[in-house]
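Colleague: Let's go through this model together. I'll ask, you answer.

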Amino acid sequence: MFDSRSEKTEIMDDLNCAGEVVDQTLRELETINRWLGGNSITIDGLRKLLPGQVKQPFEIVDLGCGGGDMLIEIARYGRKWNIPFKLIGIDANPHIIEFARRNCEAYPEIEFLTLDIFSSEFKELRFDVAIATLVTHHFESASLSHLCATLQRQSKLGVVINDLHRHWLAYYSIKVLTLAFSKSSMVKYDAPLSVLRSFKKKEWLQILHQGDISYYSITWKWAFRWQLVIPASLA
């Protein structure tokens, strides 16, 4: 079960998914990430790309932004260190974007776009950094190779990916945690499946190789996460 990535589809992948089940799921995912410290991995990766002095608005796009909790963390980080961020959350599900806008009302530096990141419209965007937290496991490996290469060309400084490590302990731990504490049927189904759809290091290396990406850092982080930092293309 853990030798290769699962091809099953998560409930969250349905772009028509809407209503209280989505809202409850997004609230619970925010809590889970806060408990396990997952969002700090993205912040740490962002630090590795940030220049020493940032005077102009620094534009970050958050791919598959969900409820916007990662953007809130970055906004707070920017306010603490006086970094002028312009933050853009992107998700293909308009119902998720609607929740995120409500969730981030207190942060005017955050805005949202309903957009498919594989669309030609998205490929026209340019930004300083692209981040993706718990998003890449939703895509096939071939699509990921293309996406990583595209993001590297679109970004001025680079890309930060924070996603799960496929491991039996991660799978059974999240399964027990969600069965015990979650009120969302979507979380109970999707969370363990997310681990099964996620990556081992050798798979990330193959994805990057197929995308012709040779300069990057990949680091294992607690709890069962990969932090991947891809500096922008010099071409």
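Colleague: Which residues lie nearest the centre of the largest pocket?

Modeller: This is a predicted model, where local features need pLDDT of at least 70, side-chain atom pairs count only at pLDDT 80 or more, and totals for chains, interfaces and linings use all residues. Residues are numbered from 1 along each chain as its sequence is written, and side-chain values use heavy atoms, without hydrogens and water. A pocket is an open set of points on a 1 Å grid over the protein atoms alone, where a 1.4 Å probe fits, with protein on both sides within 12 Å along at least five of seven lines; lining residues have an atom within 4 Å of a point. The largest pocket has 49 lining residues, and nearest its centre are T133, L134, V135, H137 and H138.

Colleague: How many residues of that lining are nonpolar?

Modeller: Ala, Val, Leu, Ile, Met, Phe, Trp, Tyr, Cys and Pro count as nonpolar, Asp, Glu, Lys and Arg as charged, the others, Gly among them, as polar. In the largest pocket, eight lining residues are charged, twelve polar and the nonpolar ones number 29.

Colleague: Which strands stand at the edges of the sheet?

Modeller: Strands are DSSP E runs of at least two residues, numbered from the N terminus, and two strands pair if DSSP finds at least two bridges between them. The open sheet has seven strands in the order 3-2-1-4-5-7-6, with mixed pairing. Two strands have a single partner each, so one side of each lacks a neighbour in the sheet: strand 3 (110-114) and strand 6 (217-221).

Colleague: Which residue of strand 7 stands opposite N162?

Modeller: Strand 5 (residues 155-164) and strand 7 (residues 225-231) run antiparallel, joined by seven bridges. Opposite N162 stands Q227.

Terms used: Helix = DSSP H or I, 4+ residues; strand = E, 2+ residues; numbered from the N terminus.
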